[in-house]
Amino acid sequence: MMQESMFRTIAKSPFWLRLFIACLAASLLSMLIRPLSLHWLHWVVYLPMIWALQPDTPKQNRWISFAYGTIAVFCIFRWIAETIILFS
């Protein structure tokens with residue numbers, strides 16, 4: 001009974017809200033690396049992305065996952081640009 005009501009709440013979430021939550025979660029991944037190094041956040045930072053995905057919307061899930069991955073890569077690998085500038 002409780003699972004059904006929770007699923008209905010998730011199912012009512014609009015696409016733009018799920019996309020925003022996924023992009024926010026991706027940007028939080030940058031807190032896992034230096035200088036902050038909040039490694040304990042690994043256990044929490046992936047949960048909003050899992051919440052954003054819905055089993056009955058595969059096309060929307062694809063766009064949400066693409067945005068999540070793109071933002072996460074740019075946030076996590078920002079050190080590459082700094083390293084190139086520093087050592088070139």
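Here is a short tour of this predicted model, from the overall chain down to a few single residues.

**The chain as a whole**

Let's start with the big picture. The chain holds 6 helices and 0 strands, and reading along the sequence gives the pattern α-α-α-α-α-α. Of its 88 residues, 24% are buried. If you take the contacts with a separation of 6 or more, 64% of them are between residues 24 or more positions apart.

How far can you trust the picture? The mean pLDDT of the chain is 85, with 88% of residues at 70 or more. Confidence does vary along the way, though: α1 has the lowest, at a mean of 57, while helix α5 (residues 58–76) has the highest, at 94. Where pLDDT is low, the predicted coordinates should not be read in detail. So keep that caution in mind for α1, with its mean of 57.

**How α2 and α5 pack**

Now for a pair of helices. Two packed helices are described by the angle between their axes and the distance between the axes. For α2 and α5, the angle is about 25° and the axes are 8 Å apart. Because angles under 35 degrees count as roughly parallel, α2 is described as roughly parallel to α5. Their crossing is right-handed.

Who does the touching? The residues in this contact divide into 13 nonpolar, 3 polar and 1 charged. On the α2 side you'll find, among them, Phe 15, Leu 19, Ala 22 and Cys 23, and they belong to a set that meets α5 residues including Trp 63, Ile 64, Tyr 68 and Ile 71. Arg 18 is also one of the α2 residues in this contact.

**Four residues to look up**

Here are four residues to find in the structure, with where they sit and how much of each is accessible.

| Residue | Location | Relative accessible area |
|---|---|---|
| Ser 13 | loop between α1 (2–11) and α2 (15–28) | 14%, buried |
| Leu 28 | helix α2 | 31%, partly exposed |
| Ser 37 | loop between α2 and α3 (42–45) | 25%, partly exposed |
| Phe 74 | helix α5 | 64%, exposed |

Ser 13 counts as buried because its relative accessible area of 14% falls under the 20% cut-off. What does Ser 13 touch, leaving out residues up to four places away in sequence? The answer is Arg 18, Trp 51 and Gln 54. Arg 18 is familiar by now, as it also takes part in the contact of α2 with α5.

Leu 28 is in helix α2. Setting aside neighbours within four places in sequence, Leu 28 is in contact with Leu 41 and Val 45. You can also trace a line from Leu 28 to His 42: these two are 14 residues apart along the chain, and their C-alpha atoms are separated by 9.8 Å.

Ser 37 has a quirk in its backbone. Its phi is positive, at about 50°, although Ser 37 is not a glycine. This residue lies in the loop between α2 and α3.

Phe 74 brings us back to helix α5. Phe 74 counts as exposed because its 64% relative accessible area is over the 50% cut-off. Along the chain, Phe 74 and Ala 26 are 48 residues apart, yet their C-alpha atoms are separated by 9.4 Å. Ala 26 is itself among the α2 residues that meet α5.

Notes:
Residues are numbered from 1 along each chain as its sequence is written. This is a predicted model: local features need pLDDT of at least 70, side-chain atom pairs count only at pLDDT 80 or more; totals for chains, interfaces and linings use all residues. Side-chain values use heavy atoms; hydrogens and water are left out. Helices (H or I, at least four residues) and strands (E, at least two) are DSSP runs, numbered from the N terminus. Buried means under 20% relative accessible area, exposed over 50%, partly exposed in between (1.4 Å probe, protein chains only). Contact means heavy atoms within 4.5 Å. pLDDT is the predictor's confidence in each residue, from 0 to 100. Axes are lines fitted to C-alpha atoms, for helices over the stretch in contact, and angles run from 0 to 180 degrees between N-to-C directions. Angles under 35 degrees count as roughly parallel, over 145 as roughly antiparallel, 65 to 115 as roughly perpendicular and the rest as oblique. A crossing is left-handed if the near helix is turned anticlockwise from the far one by less than a right angle, and right-handed if clockwise. Ala, Val, Leu, Ile, Met, Phe, Trp, Tyr, Cys and Pro count as nonpolar, Asp, Glu, Lys and Arg as charged, and the others, Gly among them, as polar.
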